Structure formats: C-alpha cells, structure tokens
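The following exercises are to be worked with the sequence and the coordinates at hand. Each task is followed by a solution in steps.

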Amino acid sequence: MKGLYSTGAYLAKSKIGQSLLELINFRVSQINGCAYCLDMHAKDLRAMGETEQRLYLLNVWREAPLYTERERAALAWAEAVTEAEVPDGIYSEALEYFSEEEMIDLTLAVITINSFNRINIAFRIKAGDYQPGMHTHLIS
C-alpha cells in the first residue's frame, strides 16, 4: 500500500491538475464498480467545486457537452487504459492535449485508481463514511 500512496503523493504534484485527476478517478471507479472510491471521489470533487450535473453525466461524457476537449481526451485515455486496449486514435488525441510527461502521469493515475478499486472490492471496503480529505495524510 505504501507504493500506491507514494504514487498518489507524486500525482498530487502533477501538472495535470487535481480536479482532472479526481475526475479520472471517479470515471475509472464507475467502470470498475468500486462503491468506496465512487463515494470518496464524488465527495472530493464536490469539495473542490465540481457540479452535481457533471458528476451525474460523467458515465455518458461522450454525449454530454459539459466537458472540455482536454477532459474528454483524458477520459478516453483512462477508459482505454482501464480496458487494456489503447487504439491509435485515442493515443494521438491525448498527445494533442498532454505532454509526454503528462501522458505518463495520466497512465500512472489510471493504473493507481484501478489498483485501489481492485483492493477495495476484493477486501469489501464499505462505502459511505468517507469525508473529504480524510486520506490526505497517507499521501503526504
């Protein structure tokens, strides 16, 4: 777990930005069905000023006009990496909005949230009690 928390500390300083990383965490957690992470990242996103409407429509982000082109490229990348198949078009599109360093950070973010999702699901970690910032001390 220390390795995952260390990666989280590194990503917290990433040029990608915390709100986009949290949006990615939320979307990947939707795909993986991790209730604990959905509860956590929804609360963190709301605390950062994210709107309810954007959270509600994230599952259908392709059809919703609420996300920037940069966010769309990141979400497509996150979904492709989660599904372990990154088509050339998604790779090319992501490179339009992110530097190579940011692409590595995006990929680390997706790998990290996938790992947390699988741990929480496997160990049956219950959702609902999370408070925004509750785990900040773990990635400091």
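A residue counts as buried when its relative accessible area is under 20%, as exposed when that area is over 50%, and as partly exposed in between. The model examined here is a predicted one.

**Exercise 1. Classify Leu45 as buried or exposed, and describe its surroundings.**

Step 1. Leu45 belongs to helix H3, which spans residues 35–47.

Step 2. The relative accessibility of Leu45 is 0%, so Leu45 is buried.

Step 3. With neighbours within four places in sequence left aside, the contacts of Leu45 are Ser19, Glu22, Leu23, Phe26, Glu50 and Leu55.

Step 4. Between Leu45 and Met134 the C-alpha to C-alpha distance is 13 Å, while 89 residues separate the two in sequence.

**Exercise 2. Determine how helices H3 and H7 are oriented to each other.**

Step 1. Helix H7 comprises residues 100–122. Its axis and that of H3 come within 8 Å and cross at roughly 125°.

Step 2. An angle from 65 to 115 degrees would count as roughly perpendicular, and one over 145 as roughly antiparallel. The crossing angle of roughly 125° falls in neither range, and H3 and H7 are therefore oblique to each other.

Step 3. On the H3 side the meeting residues are Tyr36, Cys37 and His41; on the H7 side they are Ile113, Phe116, Asn117 and Asn120.

**Exercise 3. Identify which residues of helix H1 are buried and what covers them.**

Step 1. Helix H1 covers residues 2–12, and Leu4, Thr7, Gly8, Ala9 and Leu11 are buried in it.

Step 2. The cover over these buried residues includes helix H2 (18–32) and H7.

Step 3. A general point bears on such a pattern: an α-helix has 3.6 residues a turn, so residues three or four places apart point the same way.

**Exercise 4. Locate the nonpolar surface patch to which Ile104 contributes, and classify Ile104 itself.**

Step 1. Tyr10, Ile104 and Leu108 make a nonpolar surface patch of about 270 Å².

Step 2. Ile104 is part of helix H7. Its relative accessible area is 53%, so Ile104 is exposed.

**Exercise 5. State how many salt bridges the whole structure holds, and analyse the pairs of Glu52, Arg54 and Arg70.**

Step 1. The search of the whole structure returns 8 salt bridges.

Step 2. Glu52 pairs with Arg46 through their side chains, at 2.4 Å from N to O. Glu52 has a relative accessible area of 29% and is therefore partly exposed; Arg46, at 39%, is also partly exposed.

Step 3. Arg54 pairs with Glu50, and their closest N and O atoms are 2.5 Å apart. Arg54 is buried, with a relative accessible area of 12%, and Glu50 is buried at 16%. Glu50 is also among the contacts of Leu45.

Step 4. Arg70 and Glu102 form a salt bridge between their side chains, at 3.5 Å from N to O. Arg70 is in helix H5 (residues 69–82) and Glu102 is in helix H7, so this pair ties together parts that are 32 residues apart in sequence. Arg70 is partly exposed at 25%, whereas Glu102 is buried at 11%.

Step 5. Beyond these pairs, Arg27, Arg62 and Glu79 are joined into one network by salt bridges that share partners.

Definitions and conventions: Residues are numbered from 1 along each chain as its sequence is written. This is a predicted model: local features need pLDDT of at least 70, side-chain atom pairs count only at pLDDT 80 or more; totals for chains, interfaces and linings use all residues. Side-chain values use heavy atoms; hydrogens and water are left out. Patches are made of residues with over 30% relative accessible area and no salt bridge: like charges are joined within 9 Å, nonpolar side chains (Val, Leu, Ile, Met, Phe, Trp, Tyr) within 5 Å. Accessible areas come from the Shrake-Rupley method with a 1.4 Å probe; for residues, only the protein chains shown count as cover. A salt bridge is a side-chain nitrogen of Lys or Arg within 4 Å of a carboxyl oxygen of Asp or Glu. Helices (H or I, at least four residues) and strands (E, at least two) are DSSP runs, numbered from the N terminus. Buried means under 20% relative accessible area, exposed over 50%, partly exposed in between (1.4 Å probe, protein chains only). Axes are lines fitted to C-alpha atoms, for helices over the stretch in contact, and angles run from 0 to 180 degrees between N-to-C directions. Angles under 35 degrees count as roughly parallel, over 145 as roughly antiparallel, 65 to 115 as roughly perpendicular and the rest as oblique. Contact means heavy atoms within 4.5 Å.
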